[in-house]
Amino acid sequence: MLWFLVSLVWSHPFDVEFFGHDLQIDLRREDLEIEYILEVPFAVLRGDLERYTKIDQDGTAKEKGRRFLSKAYAEIADEMRLQIDGVDTPWRQTERLYPKLETEGQFALFRMRFQVEIPPGAHQISILNLNRMEGSSIFRTGLWVSGDLVVDESDLSHHLRWKKEERYRELRLSYRTYPKILGAILGKWHQHVWGENRFSWSQLQEPLTRRRRWLERKISLAEFFVGASF
């Protein structure tokens with residue numbers, strides 16, 4: 001595998017010098033899941049390989065290749081930071097989504113999934129991506145929220161659009177969890193309108209969202225008068 005990697009990076013032009021960060025976030029009542037793609041230019045990967053092979057002299061080329069990729073994925077996982085309600089929180093699970101090195105154009109793609117359970121009563125999430133701070137980067141972030149949650153505030157301004165500003169390394173949001181009965185009703189509403197029980201950040205800007213908020217107010221008012229506790 002190591003010689004395959006070496007031949008791969010030497011066979012491509014090296015005029016691309018920025019990193020790509022594609023972060024897809026799925027926030028639900030009880031858990032948070034992220035799918036992350038780090039795009040590394042072949043020029044940079046070549047340098048990583050050269051430095052690694054000077055240190056790792058043991059085993060076959062195939063074994064070195066496996067260790068190199070394992071080290072790269074471990075470093076990616078370490079640099080994806082999470083806070084829940086201001087508290088540093090470790091990921092419950094991190095995993096590679098593809099066993100081999102993927103390529104696209106002049107980039108190597110490292111795909112990972114991050115998962116963590118959300119404690120009851122939590123209402124603030126902060127995700128900080130510290131991967132590849134040494135070079136220029138572009139960022140794309142997508143946010144999906146289940147139908148029984150509502151986002152009160154977020155610094156995400158561009159859903160699924162590539163941006164160059166370093167401030168897009170961090171995503172912060174505040175949200176509320178609706179009572180289960182209200183959440184179930186809103187979930188049915190989303191299923192009817194959009195075909196699934198979740199909404200994207202861009203859908204919050206659509207006219208149908210005003211009808212959702214009207215429905216929320218009506219149900220909340222009914223709960224208040226009935227004095228229901230769920």
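## Strand β8 and its surroundings: worked exercises

In this predicted model, strand β8 pairs with strand β11 (residues 170-177) through five bridges, and the two run antiparallel. The exercises below start from that pairing and work outwards.

### Exercise 1: the partners of β8

Work out which other strand is joined to β8 by five bridges, and which residues stand opposite Ile125.

Step 1. Take the other strand first. Strand β3 (residues 80-84) is joined to β8 by five bridges, and this pair is antiparallel too.

Step 2. Now go to Ile125. Ile84 stands opposite Ile125 on one pairing, and in β11 the residue opposite Ile125 is Leu173.

Step 3. Put this in the setting of the whole chain, which has five helices and 12 strands. Among contacts between residues at least 6 apart in sequence, 71% join residues at least 24 apart.

### Exercise 2: Ser126 and Glu170

Decide whether Ser126 is buried or exposed, and find the side chain with which it makes a polar contact.

Step 1. Locate Ser126: it belongs to strand β8 (residues 124-129).

Step 2. Check the accessibility. The relative accessible area of Ser126 is 12%, and the cut-off for buried is under 20%, so Ser126 is buried.

Step 3. List the contacts, skipping residues up to four places away in sequence. Ser126 touches Arg81, Leu82 and Gln83, as well as Glu170, Leu171 and Arg172.

Step 4. Pick out the polar contact. The side chains of Ser126 and Glu170 meet at 3.0 Å.

Step 5. Look at the pair from the other end. Glu170 sits in strand β11 and is partly exposed, at 30% relative accessibility. Beyond four places in sequence, Glu170 is in contact with Ser126, Ile127, Leu128 and Asp155. As for Leu130, its C-alpha is 8.8 Å from that of Glu170, with their positions 40 residues apart in sequence.

### Exercise 3: the nonpolar core

Find which residues of the largest nonpolar core touch the most other members, and which helix gives the largest share of this core.

Step 1. Start with the membership. The largest nonpolar core has 41 residues, and Leu32, Phe110, Ile125, Ile127 and Tyr175 touch the most other members. Helix α3 (residues 61-78) supplies the largest share of this core, six residues.

Step 2. Zoom in on Ile127. Leaving out neighbours within four places in sequence, Ile127 is in contact with Leu23, Ile25, Leu32 and Ile34, with Met80, Arg81 and Leu82, and with Arg169, Glu170 and Leu171.

Step 3. Recall the general rule: nonpolar side chains tend to be buried together in soluble globular proteins.

Step 4. For scale, buried residues make up 45% of the 230 residues in the chain.

### Exercise 4: salt bridges

Explain why the Asp48 and Arg132 pair ties together parts that are 84 residues apart in sequence, then go through the Arg28 and Arg111 bridges.

Step 1. Get the geometry. Asp48 and Arg132 form a salt bridge whose closest N and O atoms are 2.6 Å apart.

Step 2. Place the two ends. Asp48 is in helix α2 (residues 42-55) while Arg132 is in the loop between β8 and β9 (136-146), so the bridge links parts 84 residues apart in sequence. Asp48 is buried, with a relative accessible area of 15%.

Step 3. Turn to Arg28, which forms a salt bridge with Asp31 at 2.8 Å between the closest N and O atoms. Arg28 is partly exposed at 26% relative accessibility, whereas Asp31 is buried at 19%.

Step 4. Do the same for Arg111, whose salt bridge with Glu102 has its closest N and O atoms 2.5 Å apart. Here Arg111 is partly exposed at 25% and Glu102 is buried at 17%.

Step 5. Widen the view. Shared partners join Asp26, Arg28, Asp31, Glu33, Glu35, Glu95 and Arg113 into one salt-bridge network, and the structure holds 17 salt bridges.

### Exercise 5: confidence

Find where in the chain confidence is lowest and where it is highest.

Step 1. Begin with the average: the mean pLDDT of the chain is 80, and 71% of its residues reach 70 or more.

Step 2. Go to the extremes. Confidence is lowest in helix α1 (residues 2-10), with a mean of 48, and highest in β3, at 98.

Step 3. Flag the weak stretches. Residues 8-15 have pLDDT below 50, and this stretch has 17 contacts in the model beyond near neighbours in sequence. Residues 224-230 stay under 50 as well, with four contacts beyond four places in sequence.

Note on methods
Residues are numbered from 1 along each chain as its sequence is written. Side-chain values use heavy atoms; hydrogens and water are left out. Helices (H or I, at least four residues) and strands (E, at least two) are DSSP runs, numbered from the N terminus. Buried means under 20% relative accessible area, exposed over 50%, partly exposed in between (1.4 Å probe, protein chains only). A polar contact is a pair of N or O atoms within 3.5 Å; within protein, one must be able to donate a hydrogen and the other to accept it, and residues adjacent in sequence count only if both atoms are side-chain atoms. Contact means heavy atoms within 4.5 Å. A nonpolar core is a set of buried Ala, Val, Leu, Ile, Met, Phe, Trp, Tyr and Cys residues joined through side-chain atoms within 4.5 Å. A salt bridge is a side-chain nitrogen of Lys or Arg within 4 Å of a carboxyl oxygen of Asp or Glu. Two strands pair if DSSP finds at least two bridges between them. pLDDT is the predictor's confidence in each residue, from 0 to 100.
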